[in-house]
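Please look over the sequence and the model shown below before reading on. The report that follows moves from strands and helices to single residues.

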Amino acid sequence: MSTIHKLAVPAGGFRRIAVIRLSSLGDVVLTLPVVHALRTAYPEAEIQYWVKEEYAAVLRDDPAVTRVRALERDASRVEDLVSMSAELEDRDLIVDLHGSLRSRLLTFRLPAPVLRLRGSRVQRERWVRARWTRPRPLPHATARYAEVLAPLGLRADEPPHVTVGAVAREWARSQRSALGPGTLVALCPGARHATKCWPEERWCELERGLAKLGVQRVVLSTASERRALPKLSAQLMGANGGVWATEPLERSMAWLGECAVAVTHDSGLMHLAAASGRPVVALFGSTSPVLGFSPCGPGHAVISRELACQPCTVHGRNACPLGHFRCMLEIGVEEVLALVRDRLSGQPAAC
């Protein structure tokens, strides 16, 4: 175990703090306990959060964040990052929760102390490439982010919680009311990689099963994900009590706030739903909870077959390397439907 070196706190505490986590959606959500711990410890501080612009909506209405510094999509050249780093010269504390080459360039040779996330890539790759060495499950990502604050003597052990702006909340409520009274479940069938995805036919069957129970459904996805699921899209369009939402991130957050349960893959929306205070039924395929990215908080259900070949990847693949895709094909619709029903009844079953 490495020694924790305490960081001297100036009289009156830190006043100008920068937190850096550039991507991706799930990781940005999982850093929120660190931000909230900093706000509690230094209530008068200006806390600036650096993130890619496509994820900035997660932070803009968070009362712990003073300002969001959104990086443009094309801000990747070394000279761009070096130029941007001048904006950090007045900070008296920098918390780098990314630890990437890009975040290191942003913080290179700045006068403020930098607390930086230690990488876990080797430990994760050990699960993928060297399971014969019997690796231990990794700590949850929130715990790894919380460790960054150890030199300050701060704890960040609360689950993530996202804040949705009033305009987006009112919009979602109006959309929700148009569906009429009833229980609403979010279906999130998208993921960045094919091997994280349950087959479309299973999602269609799940949607029909929820409809038979009288449960309303909102499918949350990007436009490209919807185009990749034509059968589910056509089925939902012809059904009562269902709607497909391909909305900006802030509105997707607001939709999740209107739902009783969310069914997701191992994706950014999984973490967003959990941070919205909604119980999640999460389906894991080529990845696994042992990598430290299960939904955070109580009441969630994780379905992961934990096959001998699982996890076969840290992030995802285009196709099953063994050709059988059992990690997803062995997850049945009735099993998922039962876990949703348990959470709707307020009595989550163990899983």
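## Terms and basis

Helices (H or I, at least four residues) and strands (E, at least two) are DSSP runs, numbered from the N terminus. This is a predicted model, in which local features need pLDDT of at least 70 and side-chain atom pairs count only at pLDDT 80 or more, while totals for chains, interfaces and linings use all residues. Residues are numbered from 1 along each chain as its sequence is written, and side-chain values use heavy atoms, with hydrogens and water left out.

## Two cis peptide bonds

Pro 311 is found in the loop between β11 (301-303) and α13 (326-329), and the peptide bond that leads to Pro 311 from Gln 310 is cis, with omega near 0°. A cis peptide bond also joins Ser 23 and Ser 24, where omega is about -15°. Ser 24 lies in the loop between β1 (16-20) and α1 (25-30).

## Two residues with positive phi

Arg 109 is not a glycine, yet it has a positive phi of about 60°; its place is the loop between α4 (101-106) and β5 (114-116). For accessibility, buried means under 20% relative accessible area, exposed means over 50%, and partly exposed lies in between (1.4 Å probe, protein chains only). Arg 109 counts as exposed because its relative accessibility is 74%.

Phe 325, which is likewise not a glycine, has a positive phi of about 55°, and this residue is found in the loop between β11 and α13. Phe 325 has a relative accessible area of 17%, and therefore it is buried.

## An open parallel sheet

Two strands pair if DSSP finds at least two bridges between them. An open sheet is formed by 5 strands in the order β3-β2-β1-β4-β5, and the pairing is parallel. Because β3 (67-71) and β5 stand at the edges with a single partner strand each, one side of each is left without a neighbour in the sheet. From one strand to the next, the twist averages 15°; for such angles, axes are lines fitted to C-alpha atoms, for helices over the stretch in contact, and angles run from 0 to 180 degrees between N-to-C directions.

Within this sheet, β1 and β4 pair in the parallel sense over 4 bridges, and Ile 20 has Asp 96 in β4 as its bridge partner.

## Helix α2 and its surroundings

How many of the 10 residues of helix α2 (residues 32-41) are buried? The count is 7, so the helix is largely enclosed by the rest of the structure. These buried residues are Leu 32, Pro 33, Val 34, Val 35, Ala 37, Leu 38 and Arg 39, and they pack against β1, α1, β2 (46-52), β4 (93-96) and α6. The helix α2 lies across β1, β2 and β4, and it runs at about 165° to β2.

## Arg 144 in helix α6

Arg 144 is found in helix α6 (residues 141-147), and it counts as buried because its relative accessible area is 13%. Contact means heavy atoms within 4.5 Å. When its neighbours within four places in sequence are left aside, Arg 144 is in contact with Leu 117, Arg 118, Ser 120, Pro 139 and Phe 293. Of these partners, Arg 118 is 26 residues apart from Arg 144 in sequence and 8.0 Å apart in space, C-alpha to C-alpha.

## Strand β10 and its partners

Strand β10 (residues 280-283) is covered on both faces, since Val 280 and Ala 282 on one side and Val 281 and Leu 283 on the other are all buried. Strand β9 (residues 261-265) runs parallel to β10 and is joined to it by 4 bridges, and β10 is also joined to β11, again parallel, by 3 bridges. Val 281 is the bridge partner of Val 263, and Val 281 also stands opposite Ala 301 in β11.

A right-handed β-α-β unit is made by β9, helix α12 (residues 268-275) and β10. A crossover is right-handed if, with the strands pointing away from the viewer, the path from the first strand over the helix to the second runs clockwise.

## Cysteines

A disulfide is a pair of cysteine sulfur atoms within 2.5 Å, and a search of the whole structure finds 0 disulfides. Cys 259 is in no disulfide, and the nearest cysteine sulfur, that of Cys 188, is 7.8 Å away. Cys 259 is buried, with a relative accessible area of 4%. Cys 327 is in no disulfide either, and the nearest cysteine sulfur belongs to Cys 320, 6.2 Å away. At 10% relative accessibility, Cys 327 also counts as buried.
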